[in-house]
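Me: I'd like to learn how to read a protein model feature by feature. Could you walk me through one?

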Amino acid sequence: MQKNILVIYYSQTGQLEDIVKNVAKPFENNEQYKVTYYNIQLKKDFPFPWSGDVFFNTFPESYLQIPSDIYPPSDEVLNTKFDLILFGYQVWYLTPSIPVISFLKSGFAENILKDTPIVTISGTRNMWMLSQEKLKVYLKRMNAKLVGNIALVDRHDNYTSVLTILKWLTTGKKEASGMLPAAGVSDEEINGAGKYGEIIKRYLDKGDFANLQPDLVKNGAVEIRPFLVRMEKVGNKIFTIWSKLIINKKEKRPLLIKFFKVYLMTAIWVVSPIVLVFHLLLTPILWFKRKKQREYLQGINLK
Ligand SMILES: Cc1cc2nc3c(=O)[nH]c(=O)nc-3n(C[C@H](O)[C@H](O)[C@H](O)COP(=O)(O)O)c2cc1C
C-alpha cells in the first residue's frame with residue numbers, strides 16, 4: 001500500500017528547504033510513496049534579509065515561544081493520516097523559531113503529529129541542542145513519535161560562523177568573501193542530505209524505526225560539541241532574564257533591545273573565550289559526564 005509522507009518546514013533563505021527536499025528525494029517519483037509538502041506560512045511573515053533592528057527585536061518573543069498567527073494547512077494535510085513526517089525547523093535564539101512554535105501552538109499541530117513517526121531536521125549555525133530538547137517536549141505532549149533527528153550545522157569555528165551568518169542574514173549574501181568562507185551548512189552536506197532519506201526509507205519499509213537514530217548518527221547526521229552545549233546552557237539562563245525584562249518593561253523596549261544587542265556581542269566575543277578556557281580546564285574531570293551528555297543529545301529520548 002502507498003505510504004504517505006508529510007514534509008513540514010519553514011525556511012527564509014531556502015537552505016532548510018533544500019535540505020528537507022533532499023532528504024525527501026528518495027521518496028519522490030516512486031509510486032510506493034506520496035510526498036506532501038506543508039510550508040508553514042505566517043500571516044505576518046518575517047523579512048529576509050533582516051534589518052539589524054528587526055533581527056534583535058525578534059529575540060524576546062522567540063525565546064519566550066510567543067506564537068503568531070499562521071494560515072491553516074491545506075485540507076489534504078489536515079485530513080490525511082501520514083506514515084511518516086519529516087519536520088524541518090529552524091532555531092532562533094536557542095529555541096525553535098517563531099514560525100515553528102506558531103505551528104506547534106496553532107491547534108492544527110496535534111492532529112497532524114499525534115501517533116505519527118517524526119524525523120526532525122534542522123539546518124542551523126551550530127547551537128541547536130537545547131532547542132531540540134524544547135521541541136522534544138512539544139512532541140511528547142502531542143503523542144508524536146520522535147524516531148530520528150538530523151541536525152546539520154555550519155562546521156566552521158564558532159567565531160567564523162557568527163561573522164558569516166550575521167552577514168548572510170542581514171544582506172542575503174551567503175557566498176565566501178574576503179577572508180570569510182561561505183555562510184551556513186556546506187553545499188556538500190546540503191546536496192548530500194539525500195543519504196539520510198535513503199536510510200529513513202529503509203526503516204520505514206521495515207516498519208521498525210528502533211535503530212534509525214544510531215544509523216543516522218553513524219552517518220554524520222548529528223555532531224555534538226560539548227563546548228557549545230555549555231554555551232547554550234549559559235545562554236539559556238541569561239536569555240531568560242533578558243527576555244522577561246524586555247517583555248515586562250514595554251515602554252523601555254527600544255532601549256533595552258539596544259542594550260541586549262551590545263550585551264550579546266560582548267558575550268560572544270568576550271565571555272565565550274573565558275567559558276572556553278574553563279571548559280578546557282575541566283575536561284579531565286568532566287570527561288565521562290560529557291561523553292554521556294553527548295550520547296544523550298545525539299539521541300531522541302527525553303530525560
Ligand atoms: C533571528 C534568528 C536567530 C537565530 N538563532 C540561532 C541560534 O540560536 N542558533 C543557531 O544555531 N542558529 C540560529 N539562527 C540560524 C538559523 O537557525 C538558520 O540556520 C538560518 O536562519 C537559516 O535558516 P533557513 O534556511 O531556514 O532560512 C538564527 C537565525 C535567525 C534568523
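Reply: Happily; we will go through the sheet, then a helix pair, then the salt bridges. This is a predicted model, in which local features need pLDDT of at least 70, side-chain atom pairs count only at pLDDT 80 or more, and totals for chains, interfaces and linings use all residues. Residues are numbered from 1 along each chain as its sequence is written, and side-chain values use heavy atoms, with hydrogens and water left out.

Me: Let's begin with the sheet. What is the order of the strands in the open sheet?

Reply: In general, strands of a sheet pair through backbone hydrogen bonds, either parallel or antiparallel. Here, an open sheet of 5 strands runs in the order β2-β1-β3-β6-β7, with parallel pairing. Strands (E, at least two residues) and helices (H or I, at least four) are DSSP runs, numbered from the N terminus, and two strands pair if DSSP finds at least two bridges between them. At the edges sit β2 and β7, each pairing on one side only. From one strand to the next, the twist averages 15°.

Me: How many bridges join β6 to β7?

Reply: Strand β6 (residues 117–124) is joined to β7 by 8 bridges, and the two run parallel. P117 has K145 in β7 as its bridge partner, while T124 stands opposite V153 in β7. Strand β3 (residues 84–89) also pairs with β6 in the parallel sense, over 5 bridges; there, Y89 has S122 as its partner.

Me: Are the faces of β6 buried or exposed?

Reply: Both faces are covered: P117, V119, I121 and G123 are buried on one side, and I118, T120, S122 and T124 on the other. Buried means under 20% relative accessible area, exposed over 50%, and partly exposed in between (1.4 Å probe, protein chains only). With 8 of its 8 residues buried, β6 is therefore largely enclosed by the rest of the structure.

Me: Now the helices. At what angle do α12 and α14 cross?

Reply: Two packed helices are described by the angle between their axes and the distance between the axes. The axes of α12 (residues 226–248) and α14 (residues 283–298) come within 10 Å and cross at roughly 80°. That makes α12 roughly perpendicular to α14. Axes are lines fitted to C-alpha atoms, for helices over the stretch in contact, with angles from 0 to 180 degrees between N-to-C directions; under 35 degrees counts as roughly parallel, over 145 as roughly antiparallel, 65 to 115 as roughly perpendicular and the rest as oblique.

Me: Which residues meet there?

Reply: From α12 come P226, V229 and K233, which meet R290, Q293, R294 and L297 of α14. Contact here means heavy atoms within 4.5 Å.

Me: How many salt bridges does the structure hold?

Reply: There are 10, a salt bridge being a side-chain nitrogen of Lys or Arg within 4 Å of a carboxyl oxygen of Asp or Glu. One of them joins E76 and K34 (2.6 Å, N to O). E76 lies in helix α4 (residues 75–79) and K34 in strand β2 (residues 33–39), so the pair ties together parts that are 42 residues apart in sequence.

Me: What about K136 and E133?

Reply: Their closest N and O atoms are 2.7 Å apart. Both residues lie in α7 (residues 129–141), 3 residues apart, about one turn of the helix. K136 is buried at 4% relative accessibility, and E133 is buried at 14%.

Me: Which residues are linked in a network of salt bridges?

Reply: R155, E189, E223 and R225 are.
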